[in-house]
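Here are some short exercises to work through with the model open beside you. Try each task before reading its solution.

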Amino acid sequence: MQDGRAPRIRNRAPAAIQITAEQLLREAQERQESTFRAPKQRVEDFEELHEYRGRKRKEFEERVRRTRGSIKEWTQYANWEASQNEFDRSRSIFERALDVDPRSVQLWLSYTEMELKSRNVQHARNLFDRAVTLLPRVDQLWYKYVYLEELLQNVPGARQVFERWMQWEPDDKAWQAYIKMEERYDESDRASVIYERWIAVRPDPRVWVKWAKFEEERSKLDKAREVFQTALQFFGDEEEQVEKAQAVFNAFAKMETRLKEYERARVIYKFALSRLPRSKSANLYAAYTKFEKQHGTRSIVESTVLGKRRIQYEDEVLQDGRNYDVWFDYVRLEEGALRTLREEGGTKEEEDAAMERVRDVYERAVAHVPPGQEKRHWRRYIFLWLEYALFEEIETKDYDRARQVYRTVLTLVPHKQFTFAKLWIMAARFEIRQLDLMAARKTLGTAIGMCPKESLFKGYIQLEMDLREFDRVRTLYEKYLEYDPTNSAAWIKYAELETALEDFTRAEAIFELGVSQASLSMPEILWKAYIDFEVDEQGDREKTRTLYERLVVLSGHHKVWISYAEFEGSSIPLPRALREEEEDEDAEPRVVAGDPEMARQVFERGYKDLKVKGLKAERAALLESWKAFEQEHGSESDVAKVEGMMPIIGRKQHVDKETGQVVEDWELVFADDEREANPRSFKFLQMAHAWKHSQAKKSGGSGILSGFTTATSTAPESTQNDDVQMEERREQDDSHSDVASSDGE
């Protein structure tokens, strides 16, 4: 406490006696000191009264002398005199105050209030007359003056006051108050005249609307229509004037709707909307849409919604002119409107107007050329031109205009940087539909000469194929292959063309040229097509065998060996020369049977080749195919031989050079590899496996040595009994790896 800090509370336990907040407030109220009150004075006679009044007047005079500009002091002085029924003195004080500040509204109001409290009505009237003459722009004085006259049932006097007030052209509330007063006394004609004078002073749309609504409420419908028509004539037909008078049009149409004059309302809405741009008539259009939904037919409602969507699209394209998705939606909207108009049987003028709207949207859309020379910016833009050309061709049948659209866009695209094959092809096909074959060929020829492209060649070739111009197709394929000799699909299509034309010598020569190319994009499909051609079309096993031999030398892939072996073991159709000699076409085609021995030799060659290359997974896949082949064409001994060559899955531990930890890997182990690497341990394990096999036969168990699983796929699979395998490896620690043959020989 000594240093000014708050005392430390040692005991925080609750007190034995608790008090409430109500008790605290009551005690605080009781302990408050009573406010000072001036003693009451009783006046016993006139002498004391005169003395009291003299003393108070002296005090007031000193106060107003000290603060001459304080209206509050003057008002208190004058009101005190009025309370003493000294009205002459009170008026004198007010007049003195008005000499100090004659423009104080509060002073005038206090003066008139004093007169009214003392029931000096004529004095109050005179004061209000003086006040409004001096301060004619203060509405409060006028309102008080009018209220006084109306309170006294002096309606002509109140009307006279209003007339004086209206000469100063006050704000709208004053005019409204004058009109309401006339309505209270059922003077509707006078109110109508006041509205007319109000319009002459302030011809705003809302004033016209109020006047027309007033006439409608008193059932003067012709007068209301006349008011609206006068308002529309006053504002005029220009865009800016109609925009300003939107409220008048809206109110006029709503009045006609309430009177069930729907055609009149529709004409009013259309008149206003036809003279306003879509961007400035959103509210009016929303009202029109609501009106049509309630009272219009289906076609009119659709037309209204269509206009609303137009406004929305116009706003969006105004914000971003290169938003081509919005342009597409806008174009579809206009084209749909055109189709709907045709279905409903519109007039020729209406159809022409709808076509012009569609063309206008297309022209505005294509005018927004993408910036830069990057193809990704042009992809959506080009489709606008294509849609435009199709519209002119299909919908309007204006073929010259469609041709001009194609020519314009072809000159617009920078073909040296990039091009669009679809654009060239559609332009050419348009010329075909117009029976101008030379123009179509010229278009595609120009495209290939200016900017050769794979899709251009394909489109041109398909066009000539449809026309059955096979010599031109051959020429185009030659140009195509000169442009891109690495395209395997092009070689195949060229050969298929010659095959379809039954020129097998040319087809074979084309295949030879294709496979002899130094570089090909996908050589495997070309070789496969060549082999299929020799098998299915020619039926020449020797040539096919030669192709396989060339292919295994080039690639040596295990799938090639498998396909080669399956070819040797399968039957093929008769050679073409023998097939042509057979006259009966309905008979089942004869085939030449395969040679399983040749197939086994190919499998063995492939197995040895993959073994030399060290490809274990590929060897396993080849053995699987070999096994399936033997199961279909071979005997049980042949199947057992292949199964004896199948690998097993083993686990091998080694130390990782980077981490220094022992890592366990899965690997495929082949019996012949182990036989060559460790002949002694292999012989030992072979004998152990034979013993295990004999024991398994006695007990009816499995003949596979526990700890190993025969490989059934190229990828190793996990064993089922890992603990048993680990125990087996510990017992066979003299070998370098866990190896066993499934059926050793």
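In what follows, a surface patch is made of residues with over 30% relative accessible area and no salt bridge, and nonpolar side chains are joined into a patch within 5 Å. The model you are looking at is predicted.

**Exercise 1. Two surface patches**

Task: Find which residues make the nonpolar patch of about 320 Å², and say which residues form a negative patch.

Solution:
- Step 1. Tyr 147, Leu 151 and Leu 152 make the nonpolar patch.
- Step 2. Place one member: Leu 151 belongs to helix α7, residues 139–151. Its relative accessibility is 53%, so Leu 151 counts as exposed.
- Step 3. Turn to the negative patch, which consists of Asp 45, Glu 47, Glu 48 and Glu 51.
- Step 4. Place Glu 47 in helix α2, which covers residues 46–66. With 62% relative accessibility, Glu 47 is exposed.

**Exercise 2. Positive phi outside glycine**

Task: Look at Glu 169 and Lys 260. Where does each residue lie, and is it buried, partly exposed or exposed?

Solution:
- Step 1. Glu 169 has a phi near 50°, which is positive although the residue is not glycine. Glu 169 sits in the loop between α8 (155–166) and α9 (172–184).
- Step 2. The relative accessibility of Glu 169 is 47%, so this residue is partly exposed.
- Step 3. Lys 260 has a positive phi too, near 65°, and is likewise not a glycine. Its loop runs between α14 (246–258) and α15 (262–274).
- Step 4. At 62% relative accessibility, Lys 260 is exposed.

**Exercise 3. A salt bridge within one helix**

Task: Explain why Glu 113 and Lys 117 are separated by about one helical turn, and describe how their side chains meet.

Solution:
- Step 1. Both residues are in helix α5 (residues 105–117); because they are four residues apart there, about one helical turn separates them.
- Step 2. Their side chains form a salt bridge with an N to O distance of 3.5 Å.
- Step 3. Check the surroundings: Glu 113 is partly exposed at 42% relative accessible area, while Lys 117 is exposed at 65%.

**Exercise 4. From one pair to a network**

Task: Start from the salt bridge of Glu 356 and Arg 359 and follow the shared partners to find which residues make up the network.

Solution:
- Step 1. The starting pair meets at 3.3 Å, N to O. Glu 356 and Arg 359 are three residues apart in helix α19 (residues 348–366), so about one helical turn lies between them.
- Step 2. Compare exposure: Glu 356 is partly exposed at 46%, whereas Arg 359 is buried at 12%.
- Step 3. Arg 359 also has a salt bridge to Glu 392, at 2.9 Å, N to O. Since Arg 359 is in helix α19 and Glu 392 in helix α20, this pair ties together parts that are 33 residues apart in sequence.
- Step 4. Both of these partners, Arg 359 and Glu 392, are buried. The network made by salt bridges with shared partners joins Glu 356, Arg 359, Glu 363, Glu 392, Asp 398 and Arg 401.
- Step 5. Look once more at Glu 392, in helix α20 (residues 375–395). Its relative accessibility is 0%, and its side chain has a polar contact of 3.0 Å with that of Arg 401.
- Step 6. For context, the model has a count of 64 salt bridges.

Note on methods
Residues numbered from 1 in each chain as written. Predicted model: local features only at pLDDT ≥ 70, side-chain atom pairs only at ≥ 80, totals over all residues. Heavy atoms only, no water. Patch = residues over 30% accessible without salt bridge, like charges linked within 9 Å, V, L, I, M, F, W, Y side chains within 5 Å. Areas by Shrake-Rupley, 256 points an atom, 1.4 Å probe, with all protein chains shown as cover. Salt bridge = Lys/Arg side-chain N within 4 Å of Asp/Glu carboxyl O. Lys, Arg positive; Asp, Glu negative; His and termini not counted. Charge placed at Lys NZ, Arg CZ, Asp CG, Glu CD. Helix = DSSP H or I, 4+ residues; strand = E, 2+ residues; numbered from the N terminus. Buried < 20%, exposed > 50% of the residue type's maximum accessible area, 1.4 Å probe, protein only. Polar contact = N/O pair within 3.5 Å; in protein donor to acceptor, adjacent residues only side chain to side chain.
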